[in-house]
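Biologist: Could you take me through the aromatic rings of this model, with the cut-offs stated as we go?
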Amino acid sequence: MSKKIFSGVQPSGNLHVGNYLGAIKNFVNFQNQTNTECIYCVVDLHAITVRQEPNILKENIRETVAAFIASGLNHKKSIIFQQSTVAEHSEFAWILGCSARMGWLNRMTQFKEKAGIDKEKASIGLYVYPVLMAADILLYDTTHVPVGEDQKQHLELTRDIAHKFNLDFNSPEFLKIPEPMIQKNFSRIMSLKDGTKKMSKSDPSGLSRINLNDTKEEIENKIKKAKTDTLPLPDNSKELENRPEAKNLLGIYSSLNNQDISNTIKEFSGKNFSDFKNKLSELVIEKIYPISNEMSKIKKDNSFIDNVLLEGNIKASKISTKKIEEVKKIVGL
Ligand code: TYM
């Protein structure tokens, strides 16, 4: 059976090594598999669920495309497009919102985290965000969704919404039930300042993350300042359970080097953090700096980026207009 892959990244700035290792690197792996159709979306409608500066948003949309291409996505092989240019996403989100239940949305932990203490002041967009995400995925008959661990609950909700819609309208198998593709290891890269907190675009401390557009000096500096503990590196993975910062840094090293963490533990067992950090810096610079360099070249050519999005829009619209017509027929609209 052929696979249909869909995934999205918010253009909210500060794309980081967590986005790359948890998601974008995997997008590239899927693109290079046979019998696999890939669709990657810059989800700008998701980004505006929290306040974005309009001029900066426009730049961040282009920057996300530049990051996709610099990481190895090819717009001739994968569909790369901007969510808001394909109106069927919003249209379908409304229809699915009528099948989704309040109780399901009330359980979403990401909403609780992002809304903070004063939930009453969060935007309605932020609350219904997971329904839009379900629309993104279900519109393309997606079979697999590569995402980081933090999106797992949203994927489960997507599956529930699809089941409910199929049941509500007596149309078994009309909406395909997608499988989340979450890597077993390194699907949650943690902050460099706190190994118990996810590396995040919105962390106020720039030192908490390595951005995909960091210079070599910034990479070195952030790794040098990354939080550690006082012990030498361990010789077994069990010990890492109580040493979140060590676990995270060894994990980043392993993921960048495509190796199992047990091999990294063997390599650095008994060494102190400063030796390991030097090696980690070298590796991050070797793997991430070429992406950063390529991104800045691509970003100089706005018309190239805009053309990639235009081409993607045409291809995505072709699929989505057909599906939404079928949806409307089933619903009786
Ligand atoms: P976003 O933009 O927050 O993140 C993009 C991708 O990066 C992954 N990710 C991480 N992986 C590992 N460690 C981390 N610290 C880390 N931080 C982020 C995310 O899991 C994600 O895969 N709701 C989504 C965007 C979206 C989407 C979709 C995804 C909208 N529609 C449809 C898949 C399918 C989000 O906010 O991702």
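Modeller: Buried means under 20% relative accessible area, exposed means over 50%, and partly exposed lies in between, with a 1.4 Å probe and protein chains only. The model is predicted, so local features need pLDDT of at least 70 and side-chain atom pairs count only at pLDDT 80 or more, while totals for chains, interfaces and linings use all residues. Residues are numbered from 1 along each chain as its sequence is written, and side-chain values use heavy atoms, with hydrogens and water left out.

Biologist: Is Phe111 buried or exposed?
Modeller: The limit for a buried residue is under 20% relative accessible area. Phe111 falls under that limit because its relative accessible area is 12%, so Phe111 is buried.

Biologist: How many aromatic pairs does a search of the whole structure find?
Modeller: Rings of Phe, Tyr and Trp (its six-membered ring) pair if their centres lie within 6.5 Å, and planes under 30 degrees apart count as stacked, over 60 as edge-to-face and the rest as tilted. With that criterion, the number of aromatic pairs found in the whole structure is ten.

Biologist: What is the geometry of the pair of Phe111 and Tyr127?
Modeller: The ring centres of Phe111 and Tyr127 are 5.3 Å apart. Because their planes stand at 75 degrees, the pair is edge-to-face.

Biologist: Which is partly exposed, Phe165 or Phe169?
Modeller: Phe165 and Phe169 form a tilted pair, 4.8 Å centre to centre with 45 degrees between the planes. Phe165 is buried, with a relative accessible area of 0%. With a relative accessible area of 29%, the partly exposed residue is Phe169.
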